[in-house]
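Please follow this explanation with the sequence and the structure side by side, going from one element to the next as each is named.

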Amino acid sequence: MPELAEVEFYRRQWDKASGQKILSVHVNGKARVLRGTDVAALEKTLRCASMLGSEAHGKQLMFRFSNGGWLGVHLGMTGDLLVEPADAPVLKHDHLVLRQATQSLVFRDPRQFGRLLFHKGKEAPDWWQNRAVEILSPQFTLALVQTFLSRHARAPIKAILLMQNGFPGVGNWMADEILWRSKIHPNRPAGRLRGDEVKRLHAQTRFVCRQSMRIVGLKNGDLPKSWLFQHRWEKGGKCPVDGSALRREEIGGRTTCWCPSCQKRR
DNA sequence: TACAATGTTTTAAG
DNA sequence: CCTTAAAACATTGT
């Protein structure tokens, strides 16, 4: 599920627990999502700690706890952060459950492409430093995008939009939405885009992020029918702009949807 | 059945 | 060392 806006929505779910104490921790240390993390330290530090707050950066989430606990969460393809009743049973794919007086915070991920990281200390851990420029920050400039595209000049633009160090938070559907709005064919080499096309790409990247954060990120609302998102998986889906039959093909390793008349191959 | 799924990470090749 | 492409990862649903 989770791209930029959904990640923010999930952050808010768990952030409801901000300021509340954790009474006990249930963690499945053998779960793949915990590979490479110090599960014992996680368990020991979070028990009886309070959540201080949280942040999202692209698809990365970070929850801060008293006692110097830093919990990193990546939702992968099927990850989910839920607030369940205090006595909710631990289900098959619940890899971490934080019990509180009135609720349980659950990290669930059937496919386990997600990941949990843990760090204890006063300073932010490596994985929460030196992060990419966020798309909605003022530093995400046209020049920054141009530089990034020229560094990956031969790869298809669709693949470039999926790179988290250039476009943090953008995933498969957002990349398609951005290209469709920019009227750029997903298979165009990034370095061959004209100046006006890069300009549109930059503007539409920000537009898609801003709007989806407003609509999906705040209350998990539905995007308008005028978005490609609402048609990309429909059988016989049509372009919301001109009614052309949408095309689907694997580009940059992911199924890609585009409008062949709005997004020309040149 | 076989394939595909809102994502990284690893491996290999150029 | 850098870029790019493909396979791998694990589970579920169509």
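In this predicted model, Arg-247 stands opposite Trp-258, a residue of E10. The two strands concerned are E9, which covers residues 247-251, and E10, which covers residues 254-258; they run antiparallel and are joined by five bridges. Together E9 and E10 make a hairpin with two residues between them, and in its turn Gly-252 has a positive phi of about 60 degrees.

Elsewhere the chain forms an open sheet of four strands, whose order is E2-E3-E4-E8 and whose pairing is antiparallel. Its edge strands are E2, residues 51-57, and E8, residues 115-120, each of which pairs on one side only. From one strand to the next, the twist of this sheet averages 15 degrees. Within the sheet, strand E3 (residues 60-65) and strand E4 (residues 69-74) run antiparallel and are joined by six bridges; Met-62, for example, has Gly-72 in E4 as its bridge partner. Helix H1, made of residues 4-15, packs on this sheet, where it touches E2, E3 and E4, and its direction makes about 180 degrees with that of E2. Helix H2, residues 39-46, also packs on the sheet, touching E3, E4 and E8, with a direction at about 65 degrees to that of E8.

A further open sheet is formed by four strands in the order E1-E6-E7-E5, again with antiparallel pairing. Here the edge strands, each pairing on one side only, are E1 (24-27) and E5 (80-85), and the twist averages 15 degrees from one strand to the next. Strand E6, residues 94-99, pairs with strand E7, residues 103-108, in the antiparallel sense over five bridges, and the bridge partner of Asp-94 in E7 is Arg-108. The helices already met return at this point: H1 lies across E5, E6 and E7, running at about 30 degrees to E5, while H2 packs on the sheet by touching E1 and E6, its direction making about 160 degrees with that of E1.

Attention can now pass to helix H3, residues 142-151, whose buried residues are Val-145, Phe-148 and Leu-149. Why do these residues lie on the same side of H3? They cover an arc of only 100 degrees around the axis, and therefore they fall on one and the same side of the helix. In general, an α-helix has 3.6 residues a turn, so residues three or four places apart point the same way. What covers the buried residues of H3 includes helix H4 (157-161) and helix H6 (195-219), whereas the face of H3 turned away from its buried side carries the exposed residues Ser-150 and Arg-151.

Arg-151 appears again among the residues that surround DNA strand C, a group that also includes Arg-32, Lys-92, His-93, Phe-113, His-152 and Arg-154. Of the atoms of DNA strand C that come within 4 Å of the protein, 63% belong to sugar and phosphate. Some of the contacts to phosphate oxygens of this strand can be followed individually: a polar side-chain atom of His-93 lies 2.8 Å from a phosphate oxygen, and an N or O atom in the side chain of His-152 is 2.7 Å from a phosphate oxygen. With Arg-154, by contrast, a polar backbone atom is involved, at 3.0 Å from a phosphate oxygen of DNA strand C.

Technical notes:
Residues are numbered from 1 along each chain as its sequence is written. Chains are lettered from A and ligands numbered from 1 in the order in which they are written. This is a predicted model: local features need pLDDT of at least 70, side-chain atom pairs count only at pLDDT 80 or more; totals for chains, interfaces and linings use all residues. Side-chain values use heavy atoms; hydrogens and water are left out. Buried means under 20% relative accessible area, exposed over 50%, partly exposed in between (1.4 Å probe, protein chains only). The arc is that of the directions from the helix axis to the C-beta atoms. Contact means heavy atoms within 4.5 Å. Two strands pair if DSSP finds at least two bridges between them. Axes are lines fitted to C-alpha atoms, for helices over the stretch in contact, and angles run from 0 to 180 degrees between N-to-C directions. A residue is near a molecule or strand if one of its heavy atoms lies within 4 Å of it. A polar contact is a pair of N or O atoms within 3.5 Å; within protein, one must be able to donate a hydrogen and the other to accept it, and residues adjacent in sequence count only if both atoms are side-chain atoms.
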